[in-house]
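Welcome, and thanks for opening the viewer. Keep your selection tool at hand, and we will go from one stop to the next.

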Amino acid sequence: MFENLEPLKEKYLQLETKISDPQIIADQSQWQKYMKEHADLEPIVKKYDEYKSNLAQIEDTKNIIANENDEDLRAMAKEELCELEETLEKNQEELKILLIPKDPNDDKNVIVEIRGGAGGEEAALFAGVLFRMYSMYAANRKWKVELMSSNETGIGGYKEVIFMINGKGAYSRLKFESGVHRVQRVPETESQGRIHTSTVTVAVLPEVEDVEVNLDLNDVRVDVFRSSGNGGQSVNTTDSAIRLTHKPTGIVISMQDEKSQLQNKEKAFKILRAKLYDMELEKQQKEMAAQRKSQVGTGDRAERIRTYNYPQGRVSDHRIGLNLYKLESFLNGDMDEVIDALITTDQAEKLNNLEEN
C-alpha cells in the first residue's frame with residue numbers, strides 16, 4: 001500500500017524548490033497554490049519518512065538477532081524488535097488515515113440554509129432553535145456567523161434562515177449536518193400535553209469562489225424591487241431588494257436584508273454560486289453512493305438524519321445509531337461528540353474502501 005509513496009515524496013521535494021524560487025514568489029497566486037500543495041503533502045511525507053526509518057531499524061535489529069553470539073545483546077535486540085514492530089504498526093495506521101483522499105472543501109467557510117418543514121409554526125420555531133444551536137457551536141470554535149437572509153414568523157421562528165459561518169475547517173465539521181432534522185416535543189400551544197413531531201431541513205453548502213463554478217451571467221435574470229418587512233424606512237422606500245433567477249435550473253434567490261442594492265446582489269450571487277456548486281457535488285456523491293453506499297454520506301438531502309426528543313432529553317443520530325441523553329447541552333452548541341463520531345465513521349468507511357482498492 002505504501003510502495004507508491006516515493007513519487008509523492010519526489011513531488012514534495014520539487015514543490016519545496018518551487019516555493020523558494022524568487023520568480024514564483026513574485027507570482028503570488030502561483031506561489032500560494034504551490035504552498036498549499038506543499039502543506040497538504042508535508043504530514044504524509046514526514047510520516048512516510050518515519051515509516052521507512054522504522055523499517056530500516058527493524059532490519060538492522062533482525063540482523064543483530066541472527067548474527068550476534070552474545071545472548072544478553074540478542075535478548076536486548078529481541079526486546080527492541082518488539083517495540084519497533086509496535087511502532088511500525090502505529091505508523092502504518094497513521095499513514096493510512098493520512099492517505100484517505102481529502103475533501104477539497106474541508107477548509108472552506110459554509111453557507112447554512114435552515115427551513116421549517118412539516119409541522120407549521122412548531123417547525124418554524126425549531127428552525128430557530130437549530131439556528132441558535134449552530135450559532136453557539138460556531139462561537140465555541142471562535143468562528144464568525146453572518147446572517148444572510150431570513151424569513152421570520154414573528155414569534156421567534158423562521159420559515160427560512162440562511163447564514164454564513166466563517167472559520168477554518170467549518171465545512172469539515174458541519175458537512176454531515178445536511179438532511180432532515182426531526183423534533184419530538186410538546187408545543188407551547190398544545191393544551192392537552194400531546195407530543196408533536198415536526199421536521200426541519202438543513203443544507204450545508206461550501207462557500208465557492210467565482211472560478212469554481214461555471215456561472216454564465218446571461219443565464220441569470222436580475223430583478224430589482226422595493227424591500228418589504230421590518231427593514232426600516234431606508235430599506236422599505238428604496239429599490240434595494242434583489243431577486244436572481246437562474247434560468248437553466250429554476251433556482252430563485254431573493255435578498256433584501258441589506259440597505260444597499262449592491263450588498264444584496266453580492267450576497268445573492270454568493271448563495272447562487274454555492275447552490276449550483278452543491279447541485280454538482282450532490283450529483284457526484286449520488287453517483288459514488290450508487291457504487292458503494294456510505295454509512296454517513298452527504299449525498300441524500302432528503303434523508304432523516306437526526307431526532308431531538310425533548311421528553312427523553314435525547315439526541316439520536318440515525319446514520320450511526322448514536323443516542324445521547326444530553327439534549328439541552330447539545331442544543332447549546334455542545335455538538336462535538338456527535339460530529340467526531342460522524343467524522344470517525346466516515347474515515348473508517350473511506351479507509352475500508354482504500355484497502356479494498
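Start by selecting Asp103 and Lys175 and showing their side chains: a polar contact of 3.2 Å joins the two. Keep in mind as you look that this is a predicted model.

Now stay with Asp103 and colour the backbone around it. Asp103 sits in the loop that runs between helix H4 (71–99) and strand E1 (110–116). Is Asp103 buried or exposed? Its relative accessible area is 18%, and because buried means under 20%, Asp103 counts as buried. Next, show what touches it. Once neighbours within four places in sequence are set aside, Asp103 is in contact with Tyr171 and Lys175, so you meet the partner from the polar contact again.

**Next stop: the pocket**

Switch on a pocket or surface display and find the second largest pocket, which holds about 760 Å³ of space. Which of its 24 lining residues are closest to the centre? Select Ile100, Pro101, Lys102, Asp103 and Asp106 to see them. Asp103, our starting point, is therefore both buried and one of the residues closest to the pocket centre.

Now colour the lining by element. Helix H3 (28–67), H4, helix H6 (170–174) and helix H10 (336–356) each supply at least two lining residues. The biggest contribution is from H3, with 6 residues. Recolour by residue type, and the lining divides into 12 nonpolar, 2 polar and 10 charged residues.

Then colour by domain. Where does the second largest pocket lie? Domain 1 (5–99) and domain 2 (110–210 + 295–356) both give residues to the lining, so the pocket lies between them.

**Along H3**

Follow helix H3 and select Met35, which is found there. Met35 has a relative accessible area of 32%, so it is partly exposed. Add Glu16 to the selection and draw a C-alpha to C-alpha distance: the two are 8.5 Å apart in space and 19 residues apart in sequence.

**Zooming out**

Finally, clear the selections and show the whole chain as a cartoon. How many helices and strands does the chain have? There are 10 helices and 11 strands. Colour by accessibility, and buried residues make up 41% of the 357 residues. A contact map makes a good last view: among contacts between residues at least 6 apart in sequence, 62% join residues at least 24 apart.

Notes:
Residues are numbered from 1 along each chain as its sequence is written. This is a predicted model: local features need pLDDT of at least 70, side-chain atom pairs count only at pLDDT 80 or more; totals for chains, interfaces and linings use all residues. Side-chain values use heavy atoms; hydrogens and water are left out. Helices (H or I, at least four residues) and strands (E, at least two) are DSSP runs, numbered from the N terminus. Buried means under 20% relative accessible area, exposed over 50%, partly exposed in between (1.4 Å probe, protein chains only). A polar contact is a pair of N or O atoms within 3.5 Å; within protein, one must be able to donate a hydrogen and the other to accept it, and residues adjacent in sequence count only if both atoms are side-chain atoms. Contact means heavy atoms within 4.5 Å. On a 1 Å grid over the protein atoms alone, a cavity is a set of points where a 1.4 Å probe fits but cannot get out, and a pocket is an open set with protein on both sides within 12 Å along at least five of seven lines; lining residues have an atom within 4 Å of a point. Grid points are joined across faces, edges and corners, and a volume is the space filled by probe spheres set on the points. Ala, Val, Leu, Ile, Met, Phe, Trp, Tyr, Cys and Pro count as nonpolar, Asp, Glu, Lys and Arg as charged, and the others, Gly among them, as polar. Domain bounds come from an automatic or database domain assignment.
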